[in-house]
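Subject: Structure for you to look at

Hi,

Here is the structure I promised to pass on. Have a look at it first, and then read on for my notes.

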Amino acid sequence: MRFPAACIAAAVAFLLFVAGCAVGGDVACPEGMDPFTEINVYFGQEKGSGETVAEAEWQSFLADTVTPQFPDGLTVLDARGQWFDTDQGRLYRESTRVLNVLVPVDTTDSGVAAVRDISDIYKQRFEQQAVFYTSLPACAAVY
């Protein structure tokens, strides 16, 4: 998945705005909930060669690369994504897998580092130019 600079700049501006809404970066959670950082990672499923990442390839990547980094739990969602390639003047649409993880706020840096490691492996294994990810403050509880 390749994102043009304008798209990335807009996403960063939005995230800075959202982050700025939290006073001092702190999240006031309701009683019974704890502060976390929610990380979402967007994995495009179209390889640079034009082939699609096969289900078995994805499951292998999830098992050998993602799960060891986030053994406490994760969620994967199937999605459809699109982005405009300003260099080619073309709109691309592709299947996407969204990885969603919650990490305690005191482990946010290591969680983001894990996402970068996973993304580097994904880009190399599946011929991707980029992997997009976001992080947001969240409150969570198991009930």
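To start with one residue: in which strand is Arg-97 found? Arg-97 is in strand S3. Before I say more about that arginine, please keep in mind that this is a predicted model, so here is the overall picture and how far to trust it.

**Layout and confidence**

The protein chain has three helices and four strands, and from the N terminus the elements follow the order α-β-α-β-β-α-β. Of its 143 residues, 32% count as buried. Among the contacts with a separation of 6 or more, 73% are between residues 24 or more positions apart.

The average pLDDT of the protein chain is 86, and 83% of the residues score at least 70. Confidence is highest in H2, at a mean of 98, and lowest in helix H1 (residues 5-21), at 43. Over residues 5-24 the pLDDT stays under 50, and the model has six contacts beyond four places in sequence for that stretch. Where pLDDT is low, the predicted coordinates should not be read in detail. I'd leave that part aside, and the rest of this email does.

**The sheet**

The four strands make an open sheet in the order S2-S3-S1-S4, with antiparallel pairing. Strand S2 (75-85) and strand S4 (132-140) are at the edges with a single partner strand each, so each has one side without a neighbour in the sheet. On average, and ignoring direction, neighbouring strands are turned by 30° against each other.

S2 and S3 run antiparallel and are joined by eleven bridges. One of the paired positions has Trp-83 with Tyr-92 in S3 as its bridge partner. The S2 and S3 hairpin has four residues between the strands, and Gly-89 there takes a positive phi near 65°.

S1 and S3 also pair in the antiparallel sense, over nine bridges. In that pairing, Thr-37 stands opposite Val-103 in S3, while Tyr-42 stands opposite Val-98 in S3.

**Helices on the sheet**

H2 lies across S1, S2 and S3, and runs at about 30° to S3. H3 packs on the sheet too, where it touches S1, S3 and S4, and its direction makes about 10° with that of S1.

**The nonpolar core**

The largest nonpolar core has 19 residues, and Phe-43, Phe-61, Phe-70 and Tyr-122 are the ones with the most contacts inside it. Strand S1 (34-44), H2, strand S3 (90-104) and helix H3 (108-125) each give two or more residues to this core. H3 provides the largest share, five residues. As background, nonpolar side chains tend to be buried together in soluble globular proteins.

Phe-61 is a handy place to see this. Phe-61 belongs to helix H2 (residues 55-69), and it counts as buried because its relative accessibility is 0%. Leaving out residues up to four places away in sequence, Phe-61 touches Phe-43, Val-66, Ile-118, Ile-121, Tyr-122, Arg-125 and Phe-126. Phe-61 and Tyr-122 are 61 residues apart along the chain, yet 7.8 Å separates their C-alpha atoms.

**Back to Arg-97**

Is this arginine buried or exposed? Arg-97 has a relative accessible area of 12%, so it counts as buried. What does its side chain pair with? The side chains of Arg-97 and Glu-55 are joined by a polar contact of 2.6 Å. Beyond four places in sequence, Arg-97 touches ten residues by name: Val-41, Tyr-42, Phe-43, Gln-45, Glu-55, Trp-58, Gln-59, Val-76, Leu-77 and Asp-78.

**A backbone oddity**

Most residues other than glycine have a negative phi, and most peptide bonds are trans. Glu-127 is not a glycine, but has a positive phi of about 55°. Glu-127 sits in the loop between H3 and S4, and counts as partly exposed because its relative accessibility is 41%.

If you open just a few spots, my picks would be the Arg-97 and Glu-55 side chains, the surroundings of Phe-61 and the backbone at Glu-127.

Cheers

Key: Residues numbered from 1 in each chain as written. Predicted model: local features only at pLDDT ≥ 70, side-chain atom pairs only at ≥ 80, totals over all residues. Heavy atoms only, no water. Buried < 20%, exposed > 50% of the residue type's maximum accessible area, 1.4 Å probe, protein only. Contact = heavy atoms within 4.5 Å. Core = buried A, V, L, I, M, F, W, Y, C linked by side-chain atoms within 4.5 Å. Pairing = 2+ DSSP bridges. Axes fitted to C-alpha atoms, helices over the stretch in contact; angles between N-to-C directions. pLDDT = per-residue confidence, 0-100. Polar contact = N/O pair within 3.5 Å; in protein donor to acceptor, adjacent residues only side chain to side chain.
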